[in-house]
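Biologist: I'd like a close look at one small part of this model, your pick. Start from a single side-chain contact, then work outward to whatever else deserves a stop, and keep the numbers coming.

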Amino acid sequence: EGKAMEFGADFSHDEGKDDLLALRAALDNYHRADEPWVEKPFEATLLTARKIILSDETMGAIADLEIRLARYDTLIGCSPYRSTVVQLMSRFEGVCAAVANGFKPDWRTCCYLDYYLAHGAVPAVGLSAALAKATGADSQTVQSSLCAHQIEAIVTRLLEEEQSSTRLSAERIIALNDALCRTINPTWELGMRKWDPPVEPQGRGGGYKLPAASSLKYFLEDLADFTATSKLDPITKSALIFFQIDSVRMFPHHFDQLGRIISFYLWRHTGVVMHAIPPISVTPAIHPQKHLEKLKPYLHQGETVDMLILDDWIYHAARSTQNAVELERACLAEVERQIAEWQECLKSSSGRSTGTIHEILPLIFVRPVFSVSSLAKDAHSAYSTANQMVLSLERAGIVRQVSAGRRNKLYECPDALNFFGKMVPELASL
């Protein structure tokens with residue numbers, strides 16, 4: 001029986017910063033000798049103009065993450081259950097991203113959404129009413145699950161793109177942000193920020209000065225140029241892009257999913273991942289406050305610690321992404337274990353496990369709500385064959401009928417519906 005993972009967020013990062021602290025002291029002494037030092041508010045600067053200096057510990061965390069990403073992505077690519085794990089990881093990211101942005105989605109409701117939308121099976125009462133009736137979810141959970149499902153679709157489309165060196169243009173960044181805004185709130189203003197926000201309160205380190213709206217087009221073009229031309233490794237680049245989007249706030253509505261989506265794009269198009277996208281929203285979903293503490297020190301610390309702020313954030317991003325990569329590995333192991341258990345149940349109930357049934361088991365892991373006709377379509381089999389397989393699965397206790405009557409039967413796979421809660425119990429009771 002698989003065990004739930006533990007997701008940490010307290011990544012100690014003190015000893016490894018000695019090298020940066022020494023460099024900072026040298027810089028401070030240089031400024032004192034040259035001219036009086038005046039603490040200034042933190043101001044975002046163009047990424048292409050930054051000189052990035054990282055501590056040894058941060059570079060070690062990045063290297064460790066790259067090794068884990070390559071190892072587990074290769075394992076998934078070689079697995080007979082590759083397609084299952086890829087789809088599950090995209091759904092994990094959708095659900096965790098929705099949670100990280102303040103929503104309360106439900107895995108089971110997302111699975112019902114898949115059934116209704118993938119097979120044109122939306123009842124006459126409408127999608128929201130049908131979901132509420134089928135799952136018992138309230139309107140908030142239904143809307144949250146719709147948000148999660150749409151983010152999942154965005155991640156899936158990025159995975160399906162051909163790997164290339166295609167430049168992530170400023171226009172594409174705006175389009176990605178607009179698509180995400182529509183998932184969060186369809187009434188939100190789209191495009192770039194056109195107004196100047198009030199000045200941030202001054203903190204003990206000098207405060208924060210937000211870029212003017214008139215300068216945002218330069219920051220956006222710089223972000224696209226940095227993505228395409230920087231020689232930094234993809235992990236560091238994606239962490240810096242995430243930080244830049246947060247600190248510049250170039251869009252009207254401030255939420256952090258765009259940074260993660262660009263990370264996915266970057267990793268996919270540079271070959272860091274070839275198969276599945278690790279659900280990097282899992283750590284901020286479980287530990288939102290820890291995430292914010294590491295991301296937003298620029299709000300109250302001035303430019304003398306700019307170097308340490310970035311090093312801290314990149315280290316945190318690398319370590320928290322390891323949570324997602326380890327979750328990816330654990331999910332692959334659990335899929336393998338669960339399917340093996342189902343095969344034994346089938347043998348016990350019927351004395352044999354046919355090749356056709358074996359092929360259908362990975363499918364019901366990602367389509368745990370289905371009818372005979374939808375299963376036949378997904379499995380590319382005849383209706384009569386699919387009906388016999390469902391009867392076998394039902395006899396083995398793997399699926400159960402949840403609709404009333406003998407016509408238009410709807411089935412659920414309880415083990416697959418409980419998969420998210422088993423792997424991430426901290427988020428199962430939302």
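Modeller: Let's start at Ser-371, whose side chain makes a polar contact with the side chain of Ser-373 at 3.1 Å. Bear in mind that this is a predicted model. Ser-371 belongs to the loop between β3 (369-370) and α15 (372-379). With a relative accessibility of 7%, Ser-371 falls under the 20% limit and therefore counts as buried. If you skip the neighbours within four places in sequence, the residues in contact with Ser-371 are Tyr-115, Lys-409 and Leu-410.

Go to the other side of α15 and you meet His-380, in the loop between α15 and α16 (383-395). His-380 is not a glycine, yet its phi is positive, about 55°. At 75% relative accessibility His-380 is over the 50% mark, so it counts as exposed.

There's another residue to set beside that one. Arg-249 also isn't a glycine, and its phi is positive too, near 55°. Arg-249 sits in the loop between α9 (234-248) and α10 (257-269). Its relative accessible area is 17%, so Arg-249 is buried, whereas His-380 is exposed.

Arg-249 also leads us to a cavity, as it is part of the lining of the second largest one. Alongside Arg-249, that lining is made up of Asn-177, Ile-245, Met-250, Phe-251, His-253, His-254, Phe-255 and Leu-258. The volume here is about 60 Å³. Sorted by class, the lining gives 5 nonpolar, 3 polar and 1 charged residues. Arg counts as charged, so Arg-249 is that one charged residue.

The structure has 2 cavities of 30 Å³ or more, and the largest holds about 170 Å³ of space. Its lining runs to 14 residues, with Phe-242, Ile-280, Trp-313, Ala-317 and Thr-321 nearest the centre. Helices α9, α10 and α13 (306-350) each contribute at least two residues to that lining. The class split is 8 nonpolar, 5 polar and 1 charged.

Now back to Asn-177 from the smaller lining, as Asn-177 is also one of the buried residues of α7. That helix covers residues 170-184, 15 in number; at 1.5 Å a residue it should span 21 Å, and its end C-alpha atoms are 21 Å apart, which agrees. Besides Asn-177, the buried residues of α7 are Ala-170, Ile-173, Leu-176, Asp-178, Leu-180, Cys-181, Thr-183 and Ile-184. As a reminder for reading such a list, an α-helix has 3.6 residues a turn, so residues three or four places apart point the same way. The cover over the buried residues of α7 includes α6 (139-160), α8 (216-229) and α10.

Within α8, have a look at Thr-227. Its relative accessibility is 7%, so Thr-227 counts as buried. A polar atom of the Thr-227 side chain lies 2.8 Å from the backbone oxygen of Leu-223. Leaving out residues up to four places away in sequence, Thr-227 touches Leu-168, Lys-237, Ile-241 and Leu-266.

One more stop, following α10 onward: Pro-278 lies in the loop between α10 and α11 (282-286). Its relative accessible area is 0%, so Pro-278 is buried. Setting aside neighbours within four places in sequence, Pro-278 is in contact with Leu-69, Glu-93, Phe-264, Trp-267, Val-273, Ala-324, Val-325 and Glu-328. Pro-278 and Phe-92 are 186 residues apart in sequence, but their C-alpha atoms are 8.6 Å apart in space.

That pair fits in with the figures for the chain. Of the contacts with a separation of 6 or more, 77% are between residues 24 or more positions apart. The chain has 19 helices and 5 strands, and 52% of its 430 residues count as buried. Ser-371, where we came in, is one of the buried residues.

Key: Residues numbered from 1 in each chain as written. Predicted model: local features only at pLDDT ≥ 70, side-chain atom pairs only at ≥ 80, totals over all residues. Heavy atoms only, no water. 1 Å grid on protein atoms, 1.4 Å probe; cavity = no way out; pocket = protein on both sides within 12 Å on 5 of 7 lines; lining within 4 Å. Points joined across faces, edges and corners; volume = space filled by probe spheres on them. Helix = DSSP H or I, 4+ residues; strand = E, 2+ residues; numbered from the N terminus. Expected span 1.5 Å × (residues − 1). Buried < 20%, exposed > 50% of the residue type's maximum accessible area, 1.4 Å probe, protein only. Contact = heavy atoms within 4.5 Å. Polar contact = N/O pair within 3.5 Å; in protein donor to acceptor, adjacent residues only side chain to side chain.
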